[in-house]
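Welcome! Take a moment to look over the sequence and turn the structure around on your screen. Then let's walk through some of its helices and cores together.

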Amino acid sequence: MHGPAAGSRIDALLDALWQAGGTDLLLSTGIPPRIRVHGELASVPGQPALTGDDTESLLAQILNEEQLSRWRAAREYDFSFSWRDNARIRGNAFTVRGATSVALRMIPREIPTMDQLGLPPIINDFARQHQGLVLVTGPTGSGKSTTLASVINKINEERACHIITIEDPIEYMHDHKKAAVNQREVGTDTASFHDALRSVLREDPDVLLVGEMRDLESIRFALTIAETGHLVFATLHTNDTAQSLARIIDVFPGDQQSQVRVQLAAALTGVVYQRLLPRTTGGMIAAHEVLVANSAVRNLIKEGKTHQLRNSLVTGQREGMLTLEHSLSALVQAGIVSYEDAVARSLYPRDVEARPRMAVTA
């Protein structure tokens with residue numbers, strides 16, 4: 001859908017977010033509009049506290065009548081729209097003690113490159129595969145969508161193939177380049193992830209992006225599609241690479257888990273976990289953990305020993321594997337993030353190196 005009218009109040013608030021270089025706009029009853037800049041929330045200067053009528057009015061400046069009807073029926077609603085020529089906006093409207101609140105995430109139109117994001121080099125190899133399952137995991141707001149958009153854009157530029165995305169909602173917009181890219185939005189183009197995945201094999205895909213594997217059926221279909229000669233990218237909300245694989249297996253009933261472990265071991269290409277940290281110079285940067293599905297990793301998955309995968313991460317650096325602590329240490333040693341921030345976000349704080357990197361002399 002198109003964005004709000006130029007000059008409207010919500011347009012002005014989005015402009016304030018844009019000018020501040022922020023990522024999120026939060027509209028809640030009882031406080032002024034707040035924007036998130038470099039991970040911190042701050043009130044928009046000169047704006048009074050919002051009333052319930054204010055937040056409902058601001059939402060009405062964004063949604064059309066059909067969307068407003070859906071919102072009023074459900075009182076929780078996801079949506080997205082284009083704003084000016086600058087960005088896509090991903091939004092969620094929700095109810096708090098009977099009053100309307102709105103959270104808006106700003107997504108720049110320009111898709112950053114993998115180099116600009118500082119993605120580990122092995123992810124280039126994942127993007128060049130023609131079959132398999134690649135999981136991008138991490139907490140909400142950790143940049144998973146941006147990472148996947150960058151990977152899809154790289155494939156789009158390099159391969160003459162058909163890319164299908166299933167998203168809720170669509171965030172980054174992809175033009176047709178060397179590839180044909182068809183983006184489907186849940187709620188608009190399809191009723192559910194499950195319905196879209198059920199029909200996708202009849203749509204001649206080479207590469208599939210699943211915005212989120214939410215339930216047993218979507219996981220089952222994603223595994224099947226990856227097994228049948230397609231490259232599948234998907235996201236999960238988990239706290240490390242091993243937990244991602246355990247989460248997938250545990251979704252299934254006990255009598256099916258053995259078969260699912262075999263399927264997952266055969267289909268998996270790799271898992272990327274990421275967390276955002278504040279840069280010492282302002283802005284945010286991601287630290288990563290990367291698990292590559294080599295023969296040892298596949299055997300551990302089949303045997304139900306995902307809790308032992310950290311050993312593979314530590315010993316698999318030559319194959320492109322990376323622990324979160326190694327990534328954090330590199331950022332600290334390069335002066336990009338502080339040691340304190342790195343330790344606060346580490347899974348194993350004692351493994352984060354604080355020593356500055358020594359200069360190499362001839």
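**Helix α1 and its buried face**

Helix α1 covers residues 9-19, and its buried residues are Ile10, Asp11, Leu13, Leu14 and Leu17. Looking down the axis of α1, you will find these buried residues within an arc of 160 degrees, so they line one face of the helix. Keep in mind that this is a predicted model.

*More on α1*
- An α-helix has 3.6 residues a turn, so residues three or four places apart point the same way.
- The buried residues of α1 pack against two helix or strand types: the helix α2 (52-60), and the strands β1 (24-27), β2 (34-37), β4 (76-83), β5 (87-96) and β6 (99-108).
- Following α1 comes Gly21, which has a positive phi, near 70 degrees.

*Helix α6*
- Helix α6 runs over residues 144-158; at 1.5 Å a residue, its 15 residues should span 21 Å, and its end C-alpha atoms are indeed 21 Å apart.
- Twelve of the 15 residues of α6 are buried, so this helix is largely enclosed by the rest of the structure.
- Among those buried residues of α6 are Lys144, Leu148, Val151, Asn153 and Ile155.

*The nonpolar cores*
- The largest nonpolar core has 63 residues, and the members touching the most others are Leu135, Ile155, Leu208, Met213, Phe233, Leu245 and Leu264.
- Leaving aside residues up to four places away in sequence, Leu264 touches Leu133, Leu223, Leu245, Ile248, Ile249 and Ile301.
- There is also a second, separate core of 26 residues, including Leu14, Val44, Leu63 and Phe81.

Conventions: Residues numbered from 1 in each chain as written. Predicted model: local features only at pLDDT ≥ 70, side-chain atom pairs only at ≥ 80, totals over all residues. Heavy atoms only, no water. Core = buried A, V, L, I, M, F, W, Y, C linked by side-chain atoms within 4.5 Å. Buried < 20%, exposed > 50% of the residue type's maximum accessible area, 1.4 Å probe, protein only. Contact = heavy atoms within 4.5 Å. Helix = DSSP H or I, 4+ residues; strand = E, 2+ residues; numbered from the N terminus. Arc of directions from axis to C-beta. Expected span 1.5 Å × (residues − 1).
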